[in-house]
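Here are my notes on this model. Please read them with the structure open.

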Amino acid sequence: MSLYLEHFGLREPPFRITPHTDYFFSGADRGPTLAALIHAVTEEEGIVKLTGEVGSGKTMLCRMLLERLPASVDTLYIATPSLSRHDMLGAIADELAIPSADKAPHALLRAVQEALIARHAVGQRVVVLIDEAHAMPAESLEEIRLLSNLETKSTKLLQIVLFAQPELDERLAANAMRPLRERITQHFNLGPLQAGDVADYLEFRLRAAGCRVAGLFDAAAVRRIAKISEGLSRRINILADKALLAAWSRDGQRVDADDVAIAAADARFAPLHRPEPTQRLWWRLAGGALAAILLLLAFTLGTRSAAPDRDVVAVAAIQPPPAPDMAAAPAPAPVQPAQPTFGPLTQKHMEQYATWIASAPRRNYFIQLFATNAGNFSQIEGFLVRASEALDPADLRVYRSSLSGHDRIGVIYGDFPTRETAATAMRALPASILAAQPFPRQVSRLH
């Protein structure tokens, strides 16, 4: 990616697809939408929902919200919405530093409520930001509705913001989702960039990366990018980056429509056409009918004697399994799971964490770089190898947590006096680290 930087007078790549808040484009209603989100979180009540197509910039807005909310708002960020109902509650309890491993769901919910009341008493508002909320199971959406009911006599204790693809609207339209749907007080939609906005977007990103040449993309190139990308910022970034590379390879000083054509051929985007609701219903019915036909056909073929192995498969599919042989040998004793054996880098940074957490001020902040299940030994070690090459290894730390009922490993970085300084340091992280979508957290969350 860095091949063309010097050629075009760029300080850094202008069209990275990882959310980098220095490159937040406030045009095309993005700035007003962010301001409205901040107002909704700090001044209003109820669930807030923001929808947009894949690559429209939802995660960037979520990151901007994390940075711009005042210090009086505690933010809980959930990037894995496919959690079960209990795991969702456990994740929120984990963020609130509530041990949850041995608590029943009702006891855990009560503990969460008490923690929220304690924060409310000192003037702190708590907001949960859930990215990719369209992927949440139905039971987890129901848990969100129940959490939205936590309140004092005069105010809600928990603010919830859902960032999702339009599929969430389809799910909320179901009758069973009416209780949750009616608790959503603010609806925002992040539409694609219009053709005129694309030119402004490209110029903004280029200037932010240090470009001093106006019109680096000629008018024909901009029109073609707008058409092929269908206004989605992620697609615009991919096309613009590839087009710059194509222009550099021919030693061009401007990007033209031919360069964009080469980029589009390499990107191979599928059209963004979304069928109308009636079309989707028709396809569901057609799919169901087709499944029934295939099932009938499979049953018919299975009962024929064309081949002995097919008969065996068909009989096995419709016959109940044989009763267990009571005289069979006893089952072997259950094998005790082996204790995790972490890699050398993981162990080293765990020791650094133990030394640091003993004296780190609870009001300070750090950057959460990465988190995964403790059993993913090679993934943890591999991330630490990459992070140690890009960052100061002395500031990398690894902690282990089971507050949410799962054995988890987290990789964190730095020690900062305020959220603002942590956010500034986060924006300066290398692209390889930003790809993991880090975010600032307070040290008190680790205790």
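1. Which residue follows H5, and what is the sign of its phi? The residue is Gly123, and its phi is positive, near 85°. Keep in mind that this is a predicted model.

2. Helix H5 covers residues 105-121. Its length checks out. At 1.5 Å a residue, its 17 residues should span 24 Å, and the end C-alpha atoms are 24 Å apart, so the two agree.

3. H5 has a set of buried residues: Leu108, Ala111, Val112, Gln113, Ala115, Leu116 and Arg119. Note that Gln113 and Arg119 are in this list. The packing partners of the buried residues are helix H4 (85-95) and the strands S2 (73-78), S3 (125-130) and S4 (158-164).

4. Further along the chain, look at the open sheet. It has 4 strands, ordered S7-S8-S6-S9, with antiparallel pairing. Strands S7 (396-401) and S9 (439-442) form the edges, each pairing on one side only. From one strand to the next, the twist averages 45°.

5. Now the S6-S9 pairing. S6 spans residues 365-373 and runs antiparallel to S9, with 4 bridges joining them. Within this pair, Gln368 stands opposite Phe439 of S9.

6. Two helices deserve a look alongside the sheet. H16 (residues 377-390) packs on the sheet and touches S6, S7 and S8. The direction of H16 makes about 145° with that of S6. H15 (residues 344-357) lies across S6, S7 and S8 (408-416). Relative to S7, H15 runs at about 85°.

Technical notes. Residues numbered from 1 in each chain as written. Predicted model: local features only at pLDDT ≥ 70, side-chain atom pairs only at ≥ 80, totals over all residues. Heavy atoms only, no water. Pairing = 2+ DSSP bridges. Axes fitted to C-alpha atoms, helices over the stretch in contact; angles between N-to-C directions. Contact = heavy atoms within 4.5 Å. Expected span 1.5 Å × (residues − 1). Buried < 20%, exposed > 50% of the residue type's maximum accessible area, 1.4 Å probe, protein only.
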